[in-house]
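Subject: Structure for you, with notes

Hello,

Here is the structure you are taking over. My notes on it follow below.

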Protein chains: 2
Amino acid sequence: MKKLLSNIKIEIPQEIYLKDPESSSLGKKILEYSIILIEEGGFENFNFKKLGKHIGSNESSIYRYFDSKHKLLVYLTSWYWGWIEYQLVLETYSITNAKEKLLKAISILTRTTKQDTNFSYINEVLLNQIIINENSKSYLTKDVDTENKEGYFMSYKRVVQRFSDIITAYNSQYKHSLSLANTVIEGALHQHYNRMHFKSITNCNSNITPSDFFTDLVLKTISVNE
Amino acid sequence: MKKLLSNIKIEIPQEIYLKDPESSSLGKKILEYSIILIEEGGFENFNFKKLGKHIGSNESSIYRYFDSKHKLLVYLTSWYWGWIEYQLVLETYSITNAKEKLLKAISILTRTTKQDTNFSYINEVLLNQIIINENSKSYLTKDVDTENKEGYFMSYKRVVQRFSDIITAYNSQYKHSLSLANTVIEGALHQHYNRMHFKSITNCNSNITPSDFFTDLVLKTISVNE
DNA sequence: CAAAATTAATAGTAATACTATTATTTTAGC
DNA sequence: GCTAAAATAATAGTATTACTATTAATTTTG
């Protein structure tokens with residue numbers, strides 16, 4: 001993805017952070033290196049002390065940006081889904097044909113991530129790996145309901161809703177567009193995961209991509225009788 | 001589910017436990033109350049000290065059954081998928097019609113769990129809630145690959161494969177039966193979760209069940225031209 | 001009934017996920 | 001260029017966690 005817009009910023013609900021990490025160089029380092037460290041060692045083995053060491057900063061300084069490592073994960077997942085939404089809008093905006101739009105949307109939501117040069121301190125390829133491995137941990141907690149009410153998961157839900165709208169635009173008779181949208185988005189993460197760790201329960205490999213599988217699935221499921 | 005077989009035991013890979021919890025009354029209490037406590041407070045807030053208190057036993061005694069709370073979770077998920085496999089086999093065995101068999105399989109994999117009186121110390125309804133909330137945490141770790149090699153996730157993978165076979169029996173031309181099987185099984189857990197926590201991104205409610213959604217999806221996706 | 005196995009009790013450890021306080025450095029306005 | 005405010009760093013401390021190790025008491029079994 002090339003530099004198309006120079007002043008874009010992915011919006012993150014304010015409740016998630018104490019101080020906006022995009023507002024300072026330390027904050028940006030926190031984002032940059034937390035992505036590297038979480039991808040490398042997994043979320044469980046990540047902590048603010050290690051992160052501080054890597055960025056030559058102090059644990060206590062990181063706590064001035066984020067309440068907890070959980071909130072940092074919520075920030076990263078929100079950023080990711082905000083970025084996906086941005087691509088969904090940008091890349092389908094000018095498409096008028098509903099089927100073409102649908103196919104493009106599926107492709108965006110199921111493809112392997114490419115680096116986006118618009119955001120220098122975010123490595124989108126590593127972040128995508130974090131989403132595959134850790135996304136569900138951001139909401140599979142006892143606090144989901146309160147955090148959901150406070151808007152922590154808006155970015156993700158907006159992506160599902162936008163994709164659902166694209167499905168409905170193609171076939172207004174289909175009754176389960178939200179569930180289908182959610183199934184494709186989550187399912188794509190699973191297929192990517194299985195390809196890496198559980199090869200025996202997926203058909204996805206170097207020849208068949210998650211995009212192939214889900215394109216076929218969606219088209220057959222909501223196909224309009226022609 | 002009524003008592004059909006009196007001497008069945010769900011088989012769990014030996015590597016998962018130090019001492020078979022089904023071999024003693026303390027072991028059975030560990031299973032019974034860990035299910036209650038994990039369902040109640042979530043896996044993160046669960047530990048062996050609390051469990052010991054609840055069963056009037058000592059933390060150190062629990063460690064003689066399981067190396068870690070992670071392995072106990074792997075045990076519970078293995079038990080669950082073993083139990084699902086048992087239902088899949090039992091309830092579809094005598095069905096000769098491929099479509100009927102497929103519909104029954106989807107129903108088993110997506111339905112809301114009912115108590116099974118065959119296993120007195122396992123509350124399957126609570127265990128199903130644990131699977132919805134915690135299943136992915138059993139494998140989304142840095143040790144997946146080694147644990148997978150040691151057979152920790154066999155029960156789950158066997159369910160996917162059996163369902164995939166049922167799909168193939170209905171339509172041998174369909175090329176993505178494993179991915180579809182996995183998508184339905186994981187997707188069903190997600191739809192149940194969304195129904196409870198993220199209502200705005202699912203169509204499942206009191207009128208539309210996950211079974212309805214996935215039955216429609218699978219039939220359309222693999223329908224044989226008639 | 002004695003030996004073996006199991007369970008309980010106690011203590012201890014390194015790491016985690018923070019909080020609180022104070023000191024130092026950086027930045028911004030005048 | 002100075003001062004005040006803001007940001008960051010350093011230090012220390014806490015409760016909890018996820019265990020391990022050792023010994024003692026109890027239960028089971030041959």
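A polar contact here is a pair of N or O atoms within 3.5 Å. Please keep in mind that this is a predicted model.

DNA strand D

One polar side-chain atom of A:S60 lies 3.2 Å from a base nitrogen of DNA strand D. That pair falls under the definition because its distance is within 3.5 Å. Two further side chains face the backbone phosphates: A:S61 has a polar side-chain atom 2.8 Å from a phosphate oxygen of DNA strand D, and B:N47 has one at 3.5 Å from a phosphate oxygen of that strand. Two elements give two or more residues to the surface near DNA strand D, namely helix 3 (59-62) of chain A and helix 3 (59-62) of chain B.

In total, 18 residues surround the strand, and the closest are A:S57, A:S61, A:R64, A:Y65 and B:E59. By class, this surface has four nonpolar, nine polar and five charged residues. On the DNA side, sugar or phosphate accounts for 70% of the strand D atoms within 4 Å of the protein, with bases making up the rest.

The two chains

Chain A superposes on chain B by a rotation of 180 degrees with 0.0 Å of shift along the axis, at an RMSD of 0.0 Å. This is therefore the relation of a two-fold axis. Both copies use the same surface, as 98% of the contact residues of chain A recur in chain B.

Pockets

The largest pocket has a volume of about 790 Å³. Its lining consists of 33 residues, and those nearest the centre are A:L140, B:F43, B:E44, B:E134 and B:K137. Both chains supply helices to this lining: helix 4 (69-92) and helix 7 (144-149) of chain A, and helix 1 (25-41), helix 4 (69-92), helix 6 (124-134) and helix 9 (177-197) of chain B, each give at least two residues. Sorted by class, the lining of the largest pocket holds 15 charged, 11 polar and seven nonpolar residues.

The second largest pocket has a volume of about 270 Å³. It is lined by 17 residues, with A:I108, A:R111, A:T112, A:T113 and A:K114 closest to its centre. Helix 4, helix 5 (98-110) and helix 9 (177-197) of chain A each contribute at least two residues to the lining, and the largest share, six residues, comes from helix 4 of chain A. The class split for the second largest pocket is eight nonpolar, six polar and three charged residues.

Regards

Technical notes:
Residues are numbered from 1 along each chain as its sequence is written. Chains are lettered from A and ligands numbered from 1 in the order in which they are written. This is a predicted model: local features need pLDDT of at least 70, side-chain atom pairs count only at pLDDT 80 or more; totals for chains, interfaces and linings use all residues. Side-chain values use heavy atoms; hydrogens and water are left out. On a 1 Å grid over the protein atoms alone, a cavity is a set of points where a 1.4 Å probe fits but cannot get out, and a pocket is an open set with protein on both sides within 12 Å along at least five of seven lines; lining residues have an atom within 4 Å of a point. Grid points are joined across faces, edges and corners, and a volume is the space filled by probe spheres set on the points. Helices (H or I, at least four residues) and strands (E, at least two) are DSSP runs, numbered from the N terminus. Ala, Val, Leu, Ile, Met, Phe, Trp, Tyr, Cys and Pro count as nonpolar, Asp, Glu, Lys and Arg as charged, and the others, Gly among them, as polar. Copies are superposed by least squares on the C-alpha atoms of residues with pLDDT of at least 70 in both. Contact means heavy atoms within 4.5 Å. A residue is near a molecule or strand if one of its heavy atoms lies within 4 Å of it. A polar contact is a pair of N or O atoms within 3.5 Å; within protein, one must be able to donate a hydrogen and the other to accept it, and residues adjacent in sequence count only if both atoms are side-chain atoms.
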